[in-house]
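Biologist: Could you take me on a close look at the helical interior of this protein and the loops around it? I would enjoy one connected tour, residue by residue.

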Amino acid sequence: MILSQYGDYLYLYILLLVSIPAVILGIREKNIKYYAMFITVVMVILTIGVDSQFRYLLGFIFWEMILIYTFYRLRTKNKLIFRIYIILSLLPLIINKLMPFLKLDLVGFVGFVGISYMSFKTVQIIIDIFDGNVKELDFFDTIYFILFFPTLSSGPIDRYRRFKDDINSSISSDDYIENYLSIGIKKLFKGIVYKFAFASVIYIFMDKIPDDKSLLSLIMYMYLYTFYLFFDFAGYSSMAIGTGYIFGVHVPENFNKPFISKDMKEFWTRWHISLSRWFGDYIFSRYVLAAMRKRKIKKKKNIYRIGQIITMTTMGIWHGLTWYYIAYGVYQGIALVLTDNYIGTKWHKKNAKNKIYQYLQVFITFHIICFGMLIFSGYLNRFFG
């Protein structure tokens, strides 16, 4: 039997049982890492199973660890070799994204839960080795980082160095109770309420929207889907973060009241924070620095704009090779460019501190967000089909 991570009560019950020894270890000031490594294997098996998916996962780990360690041994600054390693690391994910368009049974070897987020972690390690930010690798800590079960299927996306410091740090009993256990329990229950109460109720209403292709149905779906996606994903993230805390890891936050954002730049500092930071650090910033060095584009503003379009379009493609995911990425990129243009205007600067103006900003931004979520949902495909 395969369980849905944070998706059913049986999984939560098993999670409760396996968390008890972690709590005891934390209170007794024992390192939770080794127990957590064992439980990670158990929970991965419960989530993925022991059939072909598990074998594919083992193959993925074997492949990525070879790449990580051979690149670590090379310690090269050759950009061509670096790029080859990045492509090779992303190869399983690329094949996975191409699977719907390929008719070969062989591509199934990369189809398993969590491949996207694991790929982010492995690519991140290679990039950090190239940049000189990772100077030491521990074999088991690296595998543990990639597989860490609380964030297995949908993040949040952690950073290797921060994660490694967490799992190897000594935590006092008082510190564990105050800054790990109590916070973890609160986040876990918050996630349960978000996902199993709010998201479930909203889904019921979504399911009752008439399939009449009317504008009213479209608008209803847009609003309901936006709130459903938030409570479902924020609920999952909160449970993942809470579980991570209980197991001694300060998993990064993923949501921070995104619907009070005054513009789209602020929105992406509040929505799926770990993902947007990952793309910002490893795609946007690297593109901007490379473009400024080459000086082919003279104006910095244009470099930033192109970087925003590239970054968000890549994010859309990462979600899937369907027109609505790609369109969503392009839409978000254009929204960021227009936001940059607007907040530079005299009108905005003149009224930025006006409370009524700020409320109006939040209202408009919320609807820009909602329309983006409508694109992302794929509902327009059904609506116009």
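**A walk through the interior and its loops**

Modeller: Happy to, and let us begin at Thr311, which lies in helix α12, residues 300–319. This is a predicted model, and in it Thr311 counts as buried, because its relative accessibility is 5%, below the 20% cut-off for that class. Setting aside residues up to four places away in sequence, Thr311 touches Phe279, Ile283 and Phe284.

From there, let us go to His272, in the loop between α10 and α11 (273–294). His272 is buried too, with a relative accessible area of 4%. Leaving aside neighbours within four places in sequence, His272 is in contact with Tyr117, Phe233, Asn254 and Phe255. With one of these, Tyr117, there is a polar contact between the two side chains, at 3.1 Å. His272 also brings us to another part of the chain: Gly155 is 117 residues away in sequence, yet the two C-alpha atoms are 9.3 Å apart in space.

Gly155 deserves a pause of its own. A cis peptide bond joins Gly155 to Pro156, with omega at about 0 degrees. Pro156 lies in the loop between α6 and α7, and Asp158 is found in that loop as well, between α6 (139–147) and α7 (160–167). Is Asp158 buried or exposed? Asp158 counts as buried, because its relative accessibility is 6%. Its side chain forms a polar contact of 2.7 Å with the side chain of Arg162. Not counting residues up to four places away in sequence, Asp158 touches Gln124, Phe145, Phe163, Val249, His250, Val251 and Pro252.

Now for the helix pair. Tyr117, the partner of His272 in that polar contact, and Gln124, one of the residues touched by Asp158, both have numbers within the range of helix α5, residues 115–131. Helix α5 packs against helix α4 (residues 79–98) at an angle of about 175 degrees, and their axes are 10 Å apart. That angle is over 145 degrees, so α4 is roughly antiparallel to α5. On the α4 side, the residues in the contact are Lys79, Phe82, Tyr85, Ile86, Ser89, Leu90, Pro92, Leu93, Asn96 and Lys97. On the α5 side they meet Ile115, Ser116, Ser119, Thr122, Val123, Ile126, Ile127 and Phe130. By type, the residues of this contact divide into 11 nonpolar, 5 polar and 2 charged.

Two of those α5 residues, Thr122 and Ile126, turn up again around Ile68. Not counting residues up to four places away in sequence, Ile68 touches Thr122, Ile125, Ile126, Ile129, Leu137, Thr142 and Ile146. Ile68 also has a place in the largest nonpolar core, which holds 113 residues. Within that core, Ile68, Leu137, Phe247, Trp268 and Trp271 touch the most other members. Helix α9, residues 215–246, gives the most to this core, with 16 residues. In soluble globular proteins, nonpolar side chains tend to be buried together.

After α9 comes a loop with a backbone detail you may like. Lys257 has a place in the loop between α9 and α10 (264–267), and its phi is positive, about 50 degrees, although Lys257 is not a glycine. Lys257 counts as exposed, because its relative accessibility is 58%. Tyr6 is another non-glycine residue with a positive phi, here about 55 degrees. Tyr6 is found in the segment before α1 (9–27), and at 0% relative accessibility Tyr6 counts as buried. Ser4 lies in the segment before α1 too, but at 40% relative accessibility Ser4 counts as partly exposed. The C-alpha atom of Ser4 is separated by 17 Å from that of Phe231, 227 residues along the chain.

The last stop is Gln358, in helix α15 (residues 355–377). At 19% relative accessibility, Gln358 counts as buried, because the class covers values under 20%. Leaving aside neighbours within four places in sequence, Gln358 is in contact with Lys262, Ala352 and Lys353. A polar atom of the Gln358 side chain lies 2.9 Å from the backbone oxygen of Ala352. Finally, the C-alpha atoms of Gln358 and Ile260 are separated by 9.9 Å, although their positions lie 98 residues apart along the chain.

How values were computed. Residues numbered from 1 in each chain as written. Predicted model: local features only at pLDDT ≥ 70, side-chain atom pairs only at ≥ 80, totals over all residues. Heavy atoms only, no water. Axes fitted to C-alpha atoms, helices over the stretch in contact; angles between N-to-C directions. Helix = DSSP H or I, 4+ residues; strand = E, 2+ residues; numbered from the N terminus. Parallel < 35°, antiparallel > 145°, perpendicular 65-115°, else oblique. Contact = heavy atoms within 4.5 Å. Nonpolar A, V, L, I, M, F, W, Y, C, P; charged D, E, K, R; others polar. Buried < 20%, exposed > 50% of the residue type's maximum accessible area, 1.4 Å probe, protein only. Polar contact = N/O pair within 3.5 Å; in protein donor to acceptor, adjacent residues only side chain to side chain. Core = buried A, V, L, I, M, F, W, Y, C linked by side-chain atoms within 4.5 Å.
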